[in-house]
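Colleague: Could you take me through this structure feature by feature, giving the general idea and then the case at hand?

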Amino acid sequence: MSEEQGIRSLRWQFESRNEEWSDVLDALSRLPSSQRAAVLLKHYYGYGYEEIGIMLQIPEGTAKSRVAYGLRQLRKELGEDEQ
């Protein structure tokens, strides 16, 4: 997936739920930098957990955890209920 396609995909996902794109960017900016980097690498750039681990010099499991915690925090800040 290209960078532009990633942006369109993220924007569509949030706008389809009536979220403002600026709200998403604000929520991303409030994540700890380690989680923000992992979430962006996974869901914006499309890298796998192993690749993220290599880039951030962390174990693959840690990369997966950071993405999961980051997404959970984004959902919480954007008012989505966890299921």
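Modeller: Let us begin with a single side chain, bearing in mind that this is a predicted model. Y45 has a relative accessible area of 39% and is therefore partly exposed, since the buried class ends under 20% and the exposed class begins over 50%.

Colleague: How many aromatic pairs does the count come to, and how is such a pair described?

Modeller: A pair of aromatic rings is described by the distance of the centres and the angle of the planes. In this protein the count comes to 2 aromatic pairs. The rings of Y44 and Y45 have centres 4.5 Å apart and planes at 90°, so this pair is edge-to-face, an angle over 60 degrees being what that class requires. Y45 also pairs with Y47, in an arrangement that is tilted, with 6.4 Å from centre to centre and 40° between the planes.

Colleague: Which residues do the ring pairs link into a cluster, and is Y44 buried or exposed?

Modeller: The ring pairs join Y44, Y45 and Y47 into a cluster. Within that cluster, Y44 is buried, at a relative accessible area of 14%, whereas Y47 is partly exposed, at 30%. A further ring, that of Y49, has K42 lying over its face, at 4.4 Å from the ring centre.

Colleague: Stepping back to the whole chain, what pattern does the protein follow along the sequence?

Modeller: Secondary structure is read here as a succession of elements, and for this protein the succession is α-α-α-α-α, which comes to 5 helices and 0 strands. Of the 83 residues, 28% count as buried, and the accessible surface comes to about 5700 Å², with 46% of that area belonging to carbon and sulfur atoms. Among contacts between residues at least 6 apart in sequence, 51% join residues at least 24 apart.

Colleague: Which residues of helix α3 are buried, and where do they lie on the helix?

Modeller: For a helix, one can look down the axis and ask over what arc the buried positions are spread. In α3, which runs over residues 33-43, the buried residues are Q35, A38, V39 and L41. Seen down the axis of α3, these buried residues fall within an arc of 165°, so they line one face of the helix.

Colleague: Taking Q35 as an example, which residues does Q35 touch, leaving aside those up to four places away in sequence?

Modeller: Q35, found in helix α3, counts as buried at 16% relative accessibility. With residues up to four places away in sequence set aside, Q35 touches R66, Y69 and G70. R66 also appears in a separation worth reading alongside these contacts, for P32 and R66 are 34 residues apart in sequence and 9.6 Å apart in space, C-alpha to C-alpha. P32 itself has its place in the loop between α2 and α3, and P32 is partly exposed, with a relative accessible area of 44%.

Colleague: How many salt bridges does the structure hold, and which side chains meet there?

Modeller: The structure holds 1 salt bridge, in which the side chains of E77 and R30 meet at 2.6 Å, N to O. The pair links distant parts of the chain, with E77 in helix α5 (residues 60-77) and R30 in helix α2 (residues 21-30), 47 residues apart. As for exposure, E77 is partly exposed, with a relative accessible area of 31%.

Key: Residues numbered from 1 in each chain as written. Predicted model: local features only at pLDDT ≥ 70, side-chain atom pairs only at ≥ 80, totals over all residues. Heavy atoms only, no water. Buried < 20%, exposed > 50% of the residue type's maximum accessible area, 1.4 Å probe, protein only. Helix = DSSP H or I, 4+ residues; strand = E, 2+ residues; numbered from the N terminus. Arc of directions from axis to C-beta. Contact = heavy atoms within 4.5 Å. Areas by Shrake-Rupley, 256 points an atom, 1.4 Å probe, with all protein chains shown as cover. Phe/Tyr/Trp six-rings, centres within 6.5 Å; stacked < 30°, edge-to-face > 60°. Lys NZ or Arg CZ within 6 Å of the ring centre and 35° of its normal. Salt bridge = Lys/Arg side-chain N within 4 Å of Asp/Glu carboxyl O.
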